[in-house]
Amino acid sequence: MGAGRRILVTGGAGFIGANLVRRLLGDGWSVRVVDLLVTGRKEYLDGLDVEFVAGDIRTPEVVADALTGIDAVAHLAASGSVVQSVADPAANFSTNAIGTFTVLDQARRAGVGRLVFSSTGGALIGDATPPVDERSVPRPISPYGASKMVGEAYGHAFAKSYGLHTVSTRFANVYGPYSGHKGGAITVFFKALHSGEPLVIYGDGKASRDYLYVDDICAGIQLGLTADVPAGSVYHLASGVETTVTQLADACRRVVGKPDHPIEFRPPRPGEVNRNFASYDLAKAELGFSPTVELDEGLARTWDWYLAHVL
Ligand SMILES: NC(=O)c1ccc[n+]([C@@H]2O[C@H](COP(=O)([O-])OP(=O)(O)OC[C@H]3O[C@@H](n4cnc5c(N)ncnc54)[C@H](O)[C@@H]3O)[C@@H](O)[C@H]2O)c1
């Protein structure tokens, strides 16, 4: 699908970016990455035929240069932590709101054909009775969720005002290889299972999430880049399966072969939604999206990668 076409991946040295870049290359895209290496790692792209630009998405000149000759953008660069956004909302706003505005504004000036924005399901919708979908009213409870709502709003506005073909994809909780630098539950659980520390659960363990293996997210982004859908569309990319934190801890213990590894409960953290999972019906109908990797299989693949590269 990408044969001969040129794509800019912002945040391409990050977790999802490193996986997406590999898929895009395999699909025939010519890939340029812009990344400030705040959390991402240049070595994730070692050996790949990728043009790398070390730069800040908040700087219009950097983004304008990076967009030269580009047909499509996968905009992943962001500060992705709910906890950090509560601690420092101004920093989160700067990267996520101003950064996304800058990418959109330069993309419409450059006449880019398609831009897929990486939004979020749980943090954007906030506390609502799941499953959430595209008709759920967004009521973010963290600055991170609010910043993604801003990005979606500008994406839609730029589609309507300037004809920039934006598609917002709301990710579930993504896991998989190249995530060793992340602070999400699966990374933390795997490190604790390896070191012998207890698995720490914030709250009573009944909070739930929708976990999606990174290959499925990347397949959804690829569909967002190429599918014949209206500009300004929004889709949930999710598994549709509700998994409590306790169930996740059990799955990690099972996959690693330590079913009796200790668990420690601590008070819940502000900004985190309680229950969340999403319906991907619209993405299935309009993008042809359908997740393929079940949780235990995805966790086993991720654990193998952690053993080889992180632990
Ligand atoms: N991982 C998830 O579960 C998840 C869920 C929902 C949405 N998302 C979104 O997906 C995207 C990718 O997330 P990820 O998990 O790969 O995170 P990540 O932190 O691994 O990747 C983000 C990348 O953006 C780069 N970056 C940060 N600020 C930058 C700046 N000012 N200029 C240029 N580059 C900058 C970082 O160095 C990093 O490589 C983010 O937009 C995130 O909000 C992720």
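**Entry 1: the ligand shell**

I started with the ligand and asked which of the 30 residues around it come nearest. They are Asp-35, Thr-39, Tyr-144, His-181 and Lys-182; a residue counts as near when one of its heavy atoms lies within 4 Å of the molecule or strand in question. Before going on, I noted that this is a predicted model, where local features need pLDDT of at least 70 and side-chain atom pairs count only at pLDDT 80 or more, while totals for chains, interfaces and linings use all residues. Residues are numbered from 1 along each chain as its sequence is written, and side-chain values use heavy atoms, with hydrogens and water left out.

Next I sorted the shell by class and found 14 nonpolar, eleven polar and five charged residues. For this I counted Ala, Val, Leu, Ile, Met, Phe, Trp, Tyr, Cys and Pro as nonpolar, Asp, Glu, Lys and Arg as charged, and the others, Gly among them, as polar.

Which elements each supply at least two residues of the shell? I found helix 1 (15-26), strand 5 (114-120), helix 6 (143-162) and strand 7 (173-175). Strand 5 gives the largest share, with three residues. Helices (H or I, at least four residues) and strands (E, at least two) are DSSP runs, numbered from the N terminus.

**Entry 2: polar atoms facing the ligand**

I then looked for N or O atoms by the ligand's oxygens, with a polar contact taken as a pair of N or O atoms within 3.5 Å; within protein, one must be able to donate a hydrogen and the other to accept it, and residues adjacent in sequence count only if both atoms are side-chain atoms. Lys-148 places a polar side-chain atom 2.8 Å from a ligand oxygen. From the backbone, an N or O atom of Leu-76 lies 2.8 Å from an oxygen of the ligand, and one of Leu-37 lies 3.5 Å from a ligand oxygen. The ligand taken alone exposes 820 Å², and the protein buries 94% of that; the areas come from the Shrake-Rupley method with a 1.4 Å probe, and for residues only the protein chains shown count as cover.

**Entry 3: a closer look at Leu-37, Lys-182 and Ser-147**

Leu-37 sits in the loop between strand 2 (30-35) and strand 3 (50-54). I noticed its positive phi of about 55°, although Leu-37 is not a glycine. Its relative accessible area is 34%, so Leu-37 is partly exposed; buried means under 20%, exposed over 50%, and partly exposed in between (1.4 Å probe, protein chains only).

Lys-182 belongs to the loop between strand 7 and helix 7 and, at 36% relative accessibility, is partly exposed. I also checked Lys-182 against Thr-39: they are 143 residues apart along the chain, yet their C-alpha atoms are separated by 8.0 Å.

Ser-147 is found in helix 6, buried at 3% relative accessible area. Its side chain makes a polar contact of 3.1 Å with that of Asn-96.

**Entry 4: aromatic rings**

How many aromatic pairs does a search of the whole structure find? I got eleven. Rings of Phe, Tyr and Trp (its six-membered ring) pair if their centres lie within 6.5 Å; planes under 30 degrees apart count as stacked, over 60 as edge-to-face and the rest as tilted.

In one of the pairs, Phe-190 and Tyr-306 have ring centres 5.6 Å apart and planes at 70°, so I logged the pair as edge-to-face. This pair links distant parts of the chain: Phe-190 is in helix 7 (residues 185-195) and Tyr-306 in helix 11 (residues 295-309), 116 residues apart. Phe-190 is buried at 0% relative accessibility, and Tyr-306 is buried at 0% too.

Tyr-306 also pairs with Trp-305: the centres are 5.5 Å apart and the planes at 75°, so that pair is edge-to-face. Trp-305 is buried, as is Tyr-306. I traced one aromatic cluster formed by Tyr-44, Tyr-178, Phe-190, Trp-303, Trp-305 and Tyr-306.

From that cluster I followed up Tyr-178, which lies in the loop between strand 7 and helix 7. Tyr-178 has a positive phi of about 70° without being a glycine, and at 17% relative accessibility it counts as buried.

**Entry 5: charges over rings, and a cis bond**

Arg-108 lies over the face of Tyr-162, 4.2 Å from the ring centre. Arg-269 lies over the face of Tyr-202, at 4.1 Å from the ring centre. My test was that NZ of Lys or CZ of Arg is within 6 Å of the ring centre and within 35 degrees of the ring normal.

Last, I found a cis peptide bond between Pro-130 and Pro-131, with omega about 5°. Pro-131 is in the loop between helix 5 (122-125) and helix 6.
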